[in-house]
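Subject: Structure for your reading

Dear colleague,

Please find below the sequence and structure that I would like to hand over to you. My notes on what was found follow directly after.

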Amino acid sequence: MLEKKDLKIKDISNSEYIEKLFKKLSKKKKLNILVNLENGEAKDTILEFRSKEVFVTDTELINEHVKITFIFNDYAFYFFSKVDNVLKIDRPKTLYLLTKRELERHTIEEDEKAYVTINRQQYRILNIHTKGLAFHAPKKIAENGELIRDFKINLDDTTIFLDAEVRHIEKNNSMYIYGLNFKDINWIDKMEIVKYILRTNHTHLANMSDYSDDEIYELFDNSGYLDLTNMGFESNFPEMIKALRKIDNIPHISKSFVYVDENNKILSGANIVKLYNYTFLAQHLAVKKEAKLNIPCKMDIYKAIQNYILNHHYFKYYLAYFDRDLDWHKRLFQDIINYINDPQKFVFETLTWFVASTTDSTPLKKSNIYEVEKLYNFEEFIDYADKNLSDLEKGCYCYNKDIHLDKIKTLYELKDLYAERKMYKVTENGNIVAYLVAEVYSSGINLFNCIDSTKVYFVNTTIDQNEFLKAIYNEMNSFYRKYNKNYFHIVVNTIYGIDFKDINIDNFKRIEAARVIANNDGIREYKNYFKTILR
């Protein structure tokens, strides 16, 4: 018996490899591809090679940011690009080799309503995942290698029509077992399979937005989550509920989960939201006091979030902030970091975090040391990031060609929300001391609006700490007031070694916080870590 091994999604940035691959593809002249758009739509179209340039053939793709998937030599590759106004695309700098089954195979239980219909005959599904399925039939109905077109899959009340290739046939007593590999499954159908597996494997999970405002409020109140108000954070529950009901279960923006008991009573909950172009923020993990020792009510939500984002076409980075139980989180994530052992995949970093209240009264006395001015040339900061920040951090926060966040702004605008980013530099005697990245989002996307934040990146760490923060405050107060914000946040990585002790500034409150940043491979290994400890 051959041993089946799970392979990995591998990112390939070797320019020579990519050049040789595209040279081979160009000999085909035309290539069938699957194009995924940011609004969730999927299209089958053609990639054409003309001389040394590459074009798509669908005019509806003009000026769209796309994910392009193609098959070559039985391997699936994908890459991200933008279609210009003459349908040309740039050759990618990074390719992703997709050879790992993206979701664990789900075995169908007897009480599940899961069937395929082929030539008007219905057969019971044995197992299913996002790449294929197996079913059995009482007679031989297909040959190995045969393409079955437009057959029907029924998963409870969900119906999907797909093409698939017969990859395996096995005779077991009087039944034939067929293994099918889906051909060019689009994102929408794939997500239907993901959602079916999640709700079947996690029978205690439901959508947070399916519950009443009072039930959701009770979760956050009983869990102590709202106690952060005492730390200087301002919660805005009505705005959060409004935003949740607006964007929840829109696949390219947000997904929520709650864990419920046998009486359909919520015990815990969390949600994820697409904060940057390819980054999902995990947030609002709340567990009621009576469920603190209930391991499944935490772990099921962790696993559901991991499975969901790992199967999302536009997921590259995971981000989470922590502002309580830091010692516990440090111990947990140190074990995970030791397990993964690769800072290019997964990091846990401590932060110095200031909560600052805005005011429309006289600003703080102007600093005689520091000047804060808008940075109009974003390339200047990108150059700084390339020299000083990790690829993981740069990718997570879009400190690259996507630095203006045009994609995420467009997505938010479609749901009457907004996202904005401005850049600043702090100078002393004409010399740059630090760069500031100020971001603001629609109220309610985060319960405490913690994502209305200004991240500080130092060039020179020898500073007058009070004067530096006063200079930042005056400029940022003006920026956030324009969006009617009562609070904003200033975030500094403790790696800079600035202690910020003895800060005496009105409207400021300091807390200790931390964050996790992980890429696709990091989350896969994060998931494997939990499998290991729970065996």
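Helix α10, residues 465–481, lies across β21, β22, β23, β24, β25, β26 and β27 and runs at about 35 degrees to β24. Please bear in mind that this is a predicted model.

**The sheet**

The strands just named belong to an open sheet of 12 strands, in the order β16-β17-β18-β19-β20-β27-β21-β26-β25-β24-β23-β22, with mixed pairing. At its edges stand β16 (205–206) and β22 (370–374); each has a single partner strand, so one side of each is left without a neighbour in the sheet. A second helix, α7, also packs on the sheet, where it touches β23, β24 and β25, and its direction makes about 105 degrees with that of β24.

The mixed pairing can be followed strand by strand. Strand β19 (residues 279–287) and strand β20 (residues 317–322) run parallel and are joined by four bridges. Within this pair, F280 has Y318 of β20 as its bridge partner. By contrast, β23 and β24 pair in the antiparallel sense, over 10 bridges. These two strands form a hairpin with two residues between them, and N429 in the turn has a positive phi of about 55 degrees. On its other pairing, β24 runs antiparallel to β25, with five bridges joining the two.

Residue Y435 is a convenient place to see both pairings of β24. Y435 is the bridge partner of K425, and Y435 also stands opposite Y457 in β25. How many of the 11 residues of β24 are buried? Nine are, which leaves the strand mostly covered.

**The two sides of helix α7**

Helix α7 comprises residues 378–388, and its buried residues are F378, F381, I382, Y384 and A385. These cover an arc of only 160 degrees around the axis, which puts them on the same side of α7. On the other side of the helix, E379 and K387 are exposed. The buried residues pack against α8, β23 (419–428), β24 (431–441) and β25 (453–458).

**Aromatic rings**

A pair of aromatic rings is described by the distance of the centres and the angle of the planes. A search of the whole structure finds 45 aromatic pairs. In one of them, the rings of Y276 and Y397 have centres 5.4 Å apart and planes at 75 degrees, so this pair is edge-to-face. Because Y276 lies in strand β18 (residues 266–276) and Y397 in the loop between α8 (391–396) and α9 (406–414), the pair ties together parts that are 121 residues apart in sequence. Both Y276 and Y397 are buried.

A stacked example is the pair of F333 and F348, at 5.3 Å centre to centre and with 15 degrees between the planes. Here F333 belongs to helix α6 (residues 326–340) and F348 to strand β21 (residues 346–357), with their positions 15 residues apart in the sequence. F333 counts as buried because its relative accessibility is 3%; F348, at 17%, counts as buried too.

Rings also gather in a group: F354, Y418, Y473, F479, Y480, Y483, F488, F500 and F508 form one aromatic cluster. In addition, lysine side chains lie over rings in the model. K67 lies over the face of Y78, 4.0 Å from the ring centre, and the charged end of K255 sits over the ring of F257, 4.4 Å from its centre.

**Residues with a positive phi**

Most residues other than glycine have a negative phi. D416 has a positive value near 60 degrees, although it is not a glycine. It lies in the loop between α9 and β23. Is D416 buried or exposed? With a relative accessibility of 65%, D416 counts as exposed.

F500, a member of the aromatic cluster, likewise has a positive phi, of about 50 degrees. F500 is found in the loop between β26 (487–493) and β27 (508–519), and it is buried, with a relative accessible area of 2%.

**A buried threonine in a loop**

Finally, T130 is located in the loop between β11 (121–128) and β12 (132–137). At 1% relative accessibility, T130 counts as buried. Although T130 and F182 are 52 residues apart in sequence, their C-alpha atoms are 8.2 Å apart in space.

With kind regards

Terms used
Residues are numbered from 1 along each chain as its sequence is written. This is a predicted model: local features need pLDDT of at least 70, side-chain atom pairs count only at pLDDT 80 or more; totals for chains, interfaces and linings use all residues. Side-chain values use heavy atoms; hydrogens and water are left out. Rings of Phe, Tyr and Trp (its six-membered ring) pair if their centres lie within 6.5 Å; planes under 30 degrees apart count as stacked, over 60 as edge-to-face and the rest as tilted. Buried means under 20% relative accessible area, exposed over 50%, partly exposed in between (1.4 Å probe, protein chains only). A charge sits over a ring if NZ of Lys or CZ of Arg is within 6 Å of the ring centre and within 35 degrees of the ring normal. The arc is that of the directions from the helix axis to the C-beta atoms. Contact means heavy atoms within 4.5 Å. Two strands pair if DSSP finds at least two bridges between them. Axes are lines fitted to C-alpha atoms, for helices over the stretch in contact, and angles run from 0 to 180 degrees between N-to-C directions.
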